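Dear colleague,

I am handing over the structure we spoke about, so that you can look through it yourself. My notes on it come after the structure.

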Amino acid sequence: MKFTAGQIAGILEGEVHGNPEIAVHKLAKIEEGEEGSLTFLANPKYTSFIYKTKASVTIVNKSFVPEQDLDTTLIKVEDAYKSFSKLLEYYNQVKNNKVGIEEPVFKSESATYGTDVYIGAFAYLGNNVSLGDNVKIYPNVYIGDNVKIGDSVTIFAGAKVYSETIIGNNCVVNSGSVLGADGFGFAPNENGEFAKVPQTGNVILEDNVDIGAGTTIDRATLGSTILRKGVKLDNQIQIAHNVEIGEHTVIAAQTGIAGSTKIGKHCMIGGQVGIVGHIVIGDNVKIQAQSGIGRNVKDNEVLQGSPALNYGDYNKSYVHFKNLPRIISRIDTLEKKD
């Protein structure tokens, strides 16, 4: 796709300084810009690169005044960073605006879908599947029976959506994710063997939820595993059965949350965090990467460590921990003197 500087300025409500007809077809960092690319300058640390860049078009703040001659056409806007982000979003919408049904696709006769739908080759839609308007189902996606998907949802190639799952509006499910697989439910018998406990619930994603690549969300044993509106999950996260995650909570990669834990809204959870089951984590909680959470957590706590401590206490304790060999040596010396 090609866009002229004039077209881009129209999208961003900016002003062109240079050639409005010059065209770009790709994006680049300012230090790596080349002919035909679009870049931006927002951080003053990178100002020197604008005089060297080969990018055809550069988005800058209106306050920018060049001190040397430029080879790039400028588009001046109120906020270069926000405008570039807006342009990325627009670019993604255009790039992903696929419509139509490719072949071969399996669609149950009872499956229904709205307008402007895209269904990629080798996708599978089971019985009573319902897709809203502007839904994009990429190739090799599996959608099981009785799944309901709202409007403007994108499910990328190879994702699996098991039966009874409910997905709200404006959600994104990335490649390799699995929604609604059985939870890890097994009960020991008198012989020490483990028998499977049927997992009869489902998974619910409310509106504006993003699921990263390779993330797995287990169906509930009874009831629902629920991600409330605005939740954002990174890649390779494990959410166990009957977990509930509150509105606008964000979780980084490789975190694991055990069954029936409830997490509040507006929490921020770092990568590789482990959270035990059947606990309650409050609102606005921040958990640093690689922490282990084994207890209930009150609102607004900031935690680090395994088992996790208050963030400030952890840092104070760590000072002593790293000095422990020297402290032990001093104690040994004192004991010898006695």
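Below is what was found, beginning with strand pairing and salt bridges and ending with the pockets.

Please keep in mind throughout that this is a predicted model.

Strand S24 (residues 202-205) and strand S27 (residues 224-227) run parallel and are joined by four bridges, and within this pairing Leu205 has Leu227 as its bridge partner in S27. S27 also pairs in the parallel sense with strand S30 (residues 244-245), here over two bridges, and Leu227 finds its partner there in Ile245.

The salt bridges are worth reading alongside these strands. Eight are present in the structure, and Glu206, Arg228 and Glu244 are linked in a network of them. One contact of this network is between the side chains of Arg228 and Glu206, at 2.7 Å from N to O; this pair links distant parts of the chain, since Arg228 sits in the loop between S27 and strand S28 (232-233) and Glu206 in the loop between S24 and strand S25 (210-211), 22 residues apart. Another joins the side chains of Arg228 and Glu244, at 3.1 Å from N to O, and because Arg228 lies in the loop between S27 and S28 while Glu244 belongs to strand S30, the pair ties together parts that are 16 residues apart in sequence. As for exposure, Arg228 counts as partly exposed at 25% relative accessibility, Glu206 is likewise partly exposed at 25%, and Glu244 is partly exposed with a relative accessible area of 25%.

A further salt bridge is formed by the side chains of Lys26 and Glu34, at 2.2 Å from N to O. Lys26 is partly exposed, with a relative accessible area of 30%, and Glu34 is partly exposed as well, with a value of 40%.

Turning to the pockets, the largest holds about 490 Å³ of space. It is lined by 15 residues, of which Asn92, Gln93, Asn96, Thr154 and Val172 are the closest to its centre. Helix H2 (residues 80-95) provides the largest share of this lining, with three residues, and the lining as a whole divides into nine polar, four nonpolar and two charged residues.

The second largest pocket has a volume of about 150 Å³, and its lining includes Ala28, Lys29, Ile30, Glu31, Tyr46 and Phe84, together with Thr39, Phe40, Leu41, Ala42 and Asn43. Here seven lining residues are nonpolar, two are polar and two are charged.

With best wishes

Notes
Residues are numbered from 1 along each chain as its sequence is written. This is a predicted model: local features need pLDDT of at least 70, side-chain atom pairs count only at pLDDT 80 or more; totals for chains, interfaces and linings use all residues. Side-chain values use heavy atoms; hydrogens and water are left out. On a 1 Å grid over the protein atoms alone, a cavity is a set of points where a 1.4 Å probe fits but cannot get out, and a pocket is an open set with protein on both sides within 12 Å along at least five of seven lines; lining residues have an atom within 4 Å of a point. Grid points are joined across faces, edges and corners, and a volume is the space filled by probe spheres set on the points. Ala, Val, Leu, Ile, Met, Phe, Trp, Tyr, Cys and Pro count as nonpolar, Asp, Glu, Lys and Arg as charged, and the others, Gly among them, as polar. Two strands pair if DSSP finds at least two bridges between them. A salt bridge is a side-chain nitrogen of Lys or Arg within 4 Å of a carboxyl oxygen of Asp or Glu. Buried means under 20% relative accessible area, exposed over 50%, partly exposed in between (1.4 Å probe, protein chains only).
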